[in-house]
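This briefing goes through the fold and the ligand surroundings of one protein, topic by topic. The sequence and structure come next.

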Amino acid sequence: MSAQTPVLEVRNVTKVFPGVVANQDVSLDLYAGEILALLGENGAGKSTLMNIVYGLYHPTSGEILVNGKPVTFRSPKDSIALGIGMVHQHFQLVPVMSVVDNIMLGDETTKVGLLDRKAVASRIDDLSQKYNLTVDPYSIIEDLPVGMRQRVEIIKALYRNADILILDEPTAVLTPQEIEGLFEVMGLLKSQGKAIIFITHKLKEVLRVADRIAVLRGGKVVGRADPKTATQESLASMMVGRKSSSPLTRRRRNPKRLCWNSTNLLRRMIWAIRRCGASRCRSTRARSSA
Ligand SMILES: Nc1ncnc2c1ncn2[C@@H]1O[C@H](COP(=O)(O)OP(=O)(O)O)[C@@H](O)[C@H]1O
Ligand SMILES: [Mg+2]
C-alpha cells in the first residue's frame, strides 16, 4: 500500500476560529479501498477537519492534496468535482422533496425535466442495487425513517461520483440493526475501491470496521493505531489523554487506599477479639460469683 499514492492527504492543517484552535498541525492520508476511522471525543476537531477537506472551511494553514496534487477548494462544488462526498451529522436534504429531486438539486449535470427525472431515478436504482442501499426514488424525504435518509445522502454522494466518502458520526442516529446495514454498505463501498473516512467516538465500532485509526484530541492527532492490535482501553487512553480503567481496577491500583483498608480491617478485628474476650470474662465472672 505504501507504493500507492494516497487519494487524499491532509498536510499540517491548522484551523483557528476566533478564540479556538479547532485543528492544529494535523496530517493524515487516505488510500483507495480502505476505511480510516477518525476517532475523538466531542470537540476534538473531527468535523472541522472534514469540513475543510469538503471545502466548507478554508484551513488557516496547511494543505490538502487529492491524488497527489495540491488543491484549493472555494466551496464544496470544487471538492465534489474532485470526487469527495460528505454525509454530515445533520442531513442536508429538503424534507418536502422526493429522493430523486433532492439528488438532482444543485447537480449541474442534470437538467430539470421529466425525461431527466426518469434517467436520474434509474441511476438511483442502479446505485441502490450495487451498494445495497435500497430506497424508492419517488418517496418524500420527510416520510422516510432516519436510516433511509442517510442512505439517500450516501446515494447523493455516489451519484456525484464520489471516490472519497466522509461519514460524520453516521452511527449516532441509527438503530443497532441499521448500524449493521451501514457497516455492510461500507464494506461494499470499500470492496469497490472507495476510500472512506469514518468519524466516530465509539471504540467498538472503530475496532470492528476500520483498517486504520487516527485519534484526535484537542485538535491534534495524538495517535494512530492498527485495529488488529489496538484495544478499547488503549484507544480510550489516547482519546482522553490518560490511562482509563474500571472503578474496580482503579481501587485495586490505589496502594494508599489498599493500605488504609487493610489497617482498618486489622483494627476492626482487634476490636472485635477484645470485645469478645471481655464479654467471655464477664460471663465467667458472673458464673463463678453465682
Ligand atoms: N464555526 C465555528 N466557530 C467557532 N468555533 C467552532 C466552530 N466550529 C467548531 N468550533 C469549535 O472547534 C472545536 C472543534 O469542534 P468540532 O470540529 O465540531 O469537534 P468534533 O467534531 O470533534 O466534535 C470545538 O471547540 C468547537 O466549539
Ligand atoms: Mg463533530
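Strands β9 (residues 212-217) and β10 (residues 220-225) run antiparallel and are joined by five bridges. The model is predicted. The points below start from this pair and move on to the two sheets, the helix α1, the ligand shell and the core.

**The hairpin of β9 and β10**
- Leu 216 has Val 221 of β10 opposite it, and the bridge partner of Val 215 in β10 is Gly 223.
- Two residues lie between the strands of this hairpin, where Gly 218 takes a positive phi near 55°.

**The six-stranded sheet**
- Strands β9 and β10 belong to an open sheet of six strands, in the order β6-β7-β8-β3-β9-β10 and with mixed pairing.
- Its edge strands are β6 (84-87) and β10, each of which pairs on one side only.
- From one strand to the next, the twist averages 20°.
- Helix α1 packs on this sheet and touches β3 (35-39), β6, β7 (164-168), β8 (195-200) and β9. The direction of α1 makes about 150° with that of β7.
- Helix α8 (residues 232-240) lies across β3, β9 and β10, and runs at about 30° to β9.

**The four-stranded sheet**
- A further open sheet has four strands in the order β2-β1-β4-β5, with antiparallel pairing.
- Because β2 and β5 (69-71) stand at the edges with a single partner strand each, one side of each is left without a neighbour in the sheet.
- Neighbouring strands here are turned against each other by 30° on average, direction ignored.
- Strand β1 (residues 8-17) is joined to β2 by seven bridges, and the two run antiparallel.
- Val 13 stands opposite Val 26 in β2, and Phe 17 stands opposite Val 20 in β2.
- The hairpin of β1 and β2 has two residues between the strands, and in it Gly 19 takes a positive phi near 80°.
- Helix α1 lies across β1, β2 and β4 (61-66), at about 120° to β1.

**Helix α1**
- Is α1 mostly covered or mostly open? Seven of its eight residues are buried, and the helix is mostly covered.
- The buried residues of α1 are Lys 46, Ser 47, Thr 48, Leu 49, Met 50, Ile 52 and Val 53.
- Gly 55, just after α1, takes a positive phi of about 85°.

**The shell around ligand 1**
- The residues that surround ligand 1 are Phe 17, Val 20, Ala 22, Gly 40, Asn 42, Gly 43, Ala 44, Gly 45, Lys 46, Ser 47 and Thr 48.
- Two elements, β2 (20-30) and α1 (46-53), give two or more residues to this shell.
- Which element gives the most to the shell? It is α1, with three residues.
- By class, the shell around ligand 1 holds four nonpolar, six polar and one charged residues.
- Phe 17 and Val 20, both in this shell, stand opposite each other in the pairing of β1 with β2.
- Lys 46, Ser 47 and Thr 48 of the shell are also among the buried residues of α1.

**The nonpolar core**
- In soluble globular proteins, nonpolar side chains tend to be buried together.
- The largest nonpolar core has 64 residues, of which Val 53, Ile 197, Ile 213 and Val 215 touch the most other members.
- Helix α5 (residues 146-159) gives the most to this core, with six residues.
- Apart from its neighbours within four places in sequence, Ile 197 is in contact with Leu 30, Leu 36, Leu 38, Met 50, Ile 166 and Leu 167.
- One of these contacts, Met 50, is a buried residue of α1.
- Val 53 is likewise buried in α1.

**The protein as a whole**
- There are ten helices and ten strands in the protein.
- Of the 290 residues in the protein, 31% are buried.
- Among contacts between residues at least 6 apart in sequence, 67% join residues at least 24 apart.

Notes
Residues are numbered from 1 along each chain as its sequence is written. Chains are lettered from A and ligands numbered from 1 in the order in which they are written. This is a predicted model: local features need pLDDT of at least 70, side-chain atom pairs count only at pLDDT 80 or more; totals for chains, interfaces and linings use all residues. A residue is near a molecule or strand if its C-beta atom, placed from the backbone, lies within 6 Å of it. Ala, Val, Leu, Ile, Met, Phe, Trp, Tyr, Cys and Pro count as nonpolar, Asp, Glu, Lys and Arg as charged, and the others, Gly among them, as polar. A residue is buried if 20 or more other C-beta atoms lie within 10 Å of its own, exposed if 12 or fewer, and partly exposed in between; C-beta atoms are placed from the backbone. Two residues are in contact if their C-beta atoms, placed from the backbone, lie within 7 Å. Two strands pair if DSSP finds at least two bridges between them. A nonpolar core is a set of buried Ala, Val, Leu, Ile, Met, Phe, Trp, Tyr and Cys residues joined through C-beta atoms within 7 Å. Axes are lines fitted to C-alpha atoms, for helices over the stretch in contact, and angles run from 0 to 180 degrees between N-to-C directions.
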